[in-house]
Amino acid sequence: MPLPDGTDELARSAARGDPGALDALLVAVRPEVLRQCARLLPHRQDAEEACQDALLALARGITRFEERSSFHTWLYRLTANRARSTYRVLRRRWQLEADGVPLPDPPDPRRTSVVAGTRLDLLDALDAVAPDLAEAVTLRDVLGLSYREMAGLLDVPEGTVKSRIHEARRQVRRRMSDG
């Protein structure tokens, strides 16, 4: 789903310090940010928390948007990273609140949405691989960015992007099959 028309100009104005443009930008991108967070986090409440975290990171970091890639691509990267970070925070919070109670077994597909269980397994597997590999496979396989977009965003050659994705998929597959 593309961002609304005029989003790139709002992003440029916000990056130059225009507070009105930043407010309008946050309103314009919120639906897409929430949709992207929901692709990673199966529970709406968790996706909304990640969305708020991503929008806060956007507001704090917009001045660092350098237009090396499109705003849409930059936003995808920020959103994917914040969603994975929110998942880690939520998992730690649950572990502390559980006070030593072990994490539940992997979801039983007979009682749990297969999609939700798979996403949680994927997030755990992504958490176990190097951050540059996790980011690459998330940008490609979850958010659907092209190799060219990723190369520009990550500031690496397309061959490096492909190599990271290949290695990340191998490690994630192994981790998920060990589960």
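This report describes the helices, nonpolar cores, internal spaces and a few single residues of one protein chain. The structure is a predicted model.

**Overall make-up**

The protein contains 8 helices and 0 strands. From one end of the sequence to the other, the pattern reads α-α-α-α-α-α-α-α. There are 179 residues in the protein, and 41% of them are buried. Its accessible surface amounts to about 10,100 Å², and carbon and sulfur atoms account for 50% of that area. When contacts between residues at least 6 apart in sequence are taken, 64% of them link residues at least 24 apart.

**The nonpolar cores**

The largest nonpolar core consists of 43 residues. Within it, the residues with the most contacts are Val 29, Leu 58, Ile 62 and Phe 71. At least two residues of this core come from each of α1 (7-15), α2 (19-40), α3 (44-61), α4 (71-98), α6 (131-142), α7 (147-154) and α8 (158-178). The helix that gives the most is α2, with 9 residues.

Phe 71 shows how this core connects parts of the chain. Leaving aside residues up to four places away in sequence, Phe 71 touches Leu 3, Thr 7, Asp 8, Ala 11, Leu 25, Val 29, Leu 58, Ile 62 and Phe 65. Val 29, Leu 58 and Ile 62, which appear in that list, are also among the residues with the most contacts inside the core.

Another core, of 8 residues, lies apart from the largest one. Its members include Leu 126, Val 129, Val 137 and Ala 168.

**Cavity and pocket**

The protein has 1 cavity of 30 Å³ or more. The space in the largest cavity is about 30 Å³. Its lining is formed by Arg 84, Tyr 87, Arg 88, Leu 123, Leu 126 and Asp 127. Helices α4 and α5 (114-127) each supply at least two of the lining residues. Leu 126 takes part in this lining and is also one of the residues of the 8-residue core.

The second largest pocket has 15 lining residues. Those that lie nearest its centre are Arg 64, Phe 65, Arg 68, Trp 74 and Arg 77. Each of α3, α4 and α7 supplies at least two residues of this lining, and α4 gives the most, with 4 residues. Phe 65, one of the residues nearest the centre of this pocket, is also touched by Phe 71.

The table sets out the volume and the lining classes of these two spaces.

| Space | Volume | Nonpolar | Polar | Charged |
|---|---|---|---|---|
| Largest cavity | about 30 Å³ | 3 residues | no residues | 3 residues |
| Second largest pocket | about 270 Å³ | 5 residues | 4 residues | 6 residues |

**Two residues of helix α4**

Thr 86 lies in helix α4. With a relative accessible area of 5%, Thr 86 falls under the 20% limit and therefore counts as buried. Beyond residues up to four places away in sequence, Thr 86 touches Asp 46, Glu 49, Ala 50 and Asp 53.

Leu 90 is also placed in helix α4. The relative accessible area of Leu 90 is 16%, so this residue is buried. With residues up to four places away in sequence left out, Leu 90 touches Asp 46 and Glu 49. Leu 90 and Glu 49 are separated by 41 residues in sequence, while their C-alpha atoms are 9.6 Å apart in space. Asp 46 and Glu 49 are thus named as contacts of Leu 90 and of Thr 86.

**Two residues with greater exposure to describe**

Gly 20 belongs to helix α2. Its relative accessibility is 43%, so Gly 20 counts as partly exposed. Gly 20 and Leu 10 stand 10 residues apart in sequence, with 9.0 Å between their C-alpha atoms.

Asp 155 is found in the loop between α7 and α8. Because its relative accessibility is 55%, over the 50% limit, Asp 155 counts as exposed. The phi angle of Asp 155 is near 60°, a positive value in a residue other than glycine.

Terms used: Residues are numbered from 1 along each chain as its sequence is written. This is a predicted model: local features need pLDDT of at least 70, side-chain atom pairs count only at pLDDT 80 or more; totals for chains, interfaces and linings use all residues. Side-chain values use heavy atoms; hydrogens and water are left out. A nonpolar core is a set of buried Ala, Val, Leu, Ile, Met, Phe, Trp, Tyr and Cys residues joined through side-chain atoms within 4.5 Å. Buried means under 20% relative accessible area, exposed over 50%, partly exposed in between (1.4 Å probe, protein chains only). Contact means heavy atoms within 4.5 Å. Accessible areas come from the Shrake-Rupley method with a 1.4 Å probe; for residues, only the protein chains shown count as cover. On a 1 Å grid over the protein atoms alone, a cavity is a set of points where a 1.4 Å probe fits but cannot get out, and a pocket is an open set with protein on both sides within 12 Å along at least five of seven lines; lining residues have an atom within 4 Å of a point. Grid points are joined across faces, edges and corners, and a volume is the space filled by probe spheres set on the points. Ala, Val, Leu, Ile, Met, Phe, Trp, Tyr, Cys and Pro count as nonpolar, Asp, Glu, Lys and Arg as charged, and the others, Gly among them, as polar.
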